Amino acid sequence: MYGESHMNDPAYEVISPTHMLIDVGLDDEIPPFPLIPVTQLTAKPTPIRWLIKGLLPEKSITDVFGAPGSGKTFVVFFMAYCIATGLNWYGKKVKQGLVILIIGEGQSGVGMRFKALEIKYGIPAENIIVSTQPASLTDEQNALWVADTIHQHEPALVVIDTLSRNFGGGDENSTKDMTSFVGNLDMTFRRTGKTLAVVHHVSKGAKGESRGSIVLPSSCESEFIVEPKQSEILQFSCRKQKNAAQNDPISFKLKTIELPEWPTDEEEVVTSAVLICVDGNNKTSSDKPKRLTARSEQALAAISFVLG
């Protein structure tokens, strides 16, 4: 149904950052379970490497969740855009690289959102690849099929938008199904060095919690919630940062961007939106104030002298 993956071939070997699968023949002695002294870890500390400094660690799973219309996809798409283009994400340095989006639906809407970012920041949304159909990541064979294609591109970030649209026929509340989902992400992506961002929905019953089984938030290195705080203001807050200090909340609002060249059957101009940070200390690279020239500084000094 999903095509053949060479990752199922017995000769295919997966090497993870911490271990490699050992090929053991029928007549070979099974090696002992690997153990090492903790001083081996403390003597050679492994640095935390970030895709977005202090926010999105490499080789990890991050969950970004919120209610419908909360702006969570705008947040994650801007992360993707900044990683792909090298822009700072609200003042935080990024490691530039390819981004792949596994989209459940609405490719046209995806294009509109990235076009709005192109207009806002003046940089083409290159280095971003998008799927044309959802995945079924609770199914091991489907996950291997998807991963087989993705590994050919060596992305820095893989975005799953949304969990529910890429969950196949599984039940989000089922520990078994969510364990299969997370296990497949581990096996096919994280253990081979990929970083994942999962866009998810908020729980209806438990305020401020992501929907479904706790297996997902328990397995993530970082977790964030996007929620409305006051009129037109949305807040991006850290709920979990496993190996670093939790980030301060970031507040932003959506700014409408016209897409004059976007085709439409109506006379009205098509619009989308971009996030505008309303915290003074969080700016993108293109939002940084320009330094005055020497002549401008002299003129400003003269005006200040006259005004006393």
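In this predicted model, R190 forms a salt bridge with D186, and the closest nitrogen and oxygen atoms of the two are 2.4 Å apart. Side chains of opposite charge can pair in this way when their charged atoms come close. Both R190 and D186 are buried, and R190 has a relative accessible area of 13%, which places it under the 20% that marks a buried residue.

R190 also has a second partner, since the side chains of E221 and R190 meet in a salt bridge with an N to O distance of 2.6 Å. This pair links distant parts of the chain, with E221 in the loop between α6 (215-219) and β8 and R190 in the loop between α5 and β7, 31 residues apart. E221 counts as buried as well, at 14% relative accessibility. Through these shared partners, salt bridges join D186, R190 and E221 into one network.

The structure holds eight salt bridges, and another of them brings together the side chains of K194 and E154, at 3.8 Å from N to O. K194 lies in the loop between α5 and β7 (195-201) and E154 in the loop between α4 and β6, so the pair ties together parts that are 40 residues apart in sequence. The two partners sit in contrasting surroundings, because K194 is buried at 3% relative accessibility, whereas E154 is exposed, with a relative accessible area of 55%.

E154 also deserves attention for its backbone, where phi is near 50°, a positive value in a residue other than glycine. Most residues other than glycine have a negative phi, and most peptide bonds are trans. E232 likewise has a positive phi, of about 65°, although it is not a glycine; E232 is found in the loop between β8 (222-230) and β9 (233-241), and at 67% relative accessibility it counts as exposed. A cis peptide bond joins D161 and T162, with omega at about -5°, and T162 is found in the loop between β6 (157-161) and α5 (175-188).

On the surface, D265, E266, E267 and E268 gather in a patch of negative charge. Of these residues, E267 lies in the loop between β10 (250-259) and β11 (270-277), and it counts as exposed at 81% relative accessibility.

Turning to the whole protein, the reader can find seven helices and eleven strands, while buried residues make up 43% of its 308 residues. Among contacts with a separation of 6 or more, 67% come from residues 24 or more positions apart. The protein exposes about 17800 Å², of which carbon and sulfur atoms supply 52%.

Note on methods
Residues numbered from 1 in each chain as written. Predicted model: local features only at pLDDT ≥ 70, side-chain atom pairs only at ≥ 80, totals over all residues. Heavy atoms only, no water. Patch = residues over 30% accessible without salt bridge, like charges linked within 9 Å, V, L, I, M, F, W, Y side chains within 5 Å. Areas by Shrake-Rupley, 256 points an atom, 1.4 Å probe, with all protein chains shown as cover. Salt bridge = Lys/Arg side-chain N within 4 Å of Asp/Glu carboxyl O. Lys, Arg positive; Asp, Glu negative; His and termini not counted. Charge placed at Lys NZ, Arg CZ, Asp CG, Glu CD. Helix = DSSP H or I, 4+ residues; strand = E, 2+ residues; numbered from the N terminus. Buried < 20%, exposed > 50% of the residue type's maximum accessible area, 1.4 Å probe, protein only. Contact = heavy atoms within 4.5 Å.
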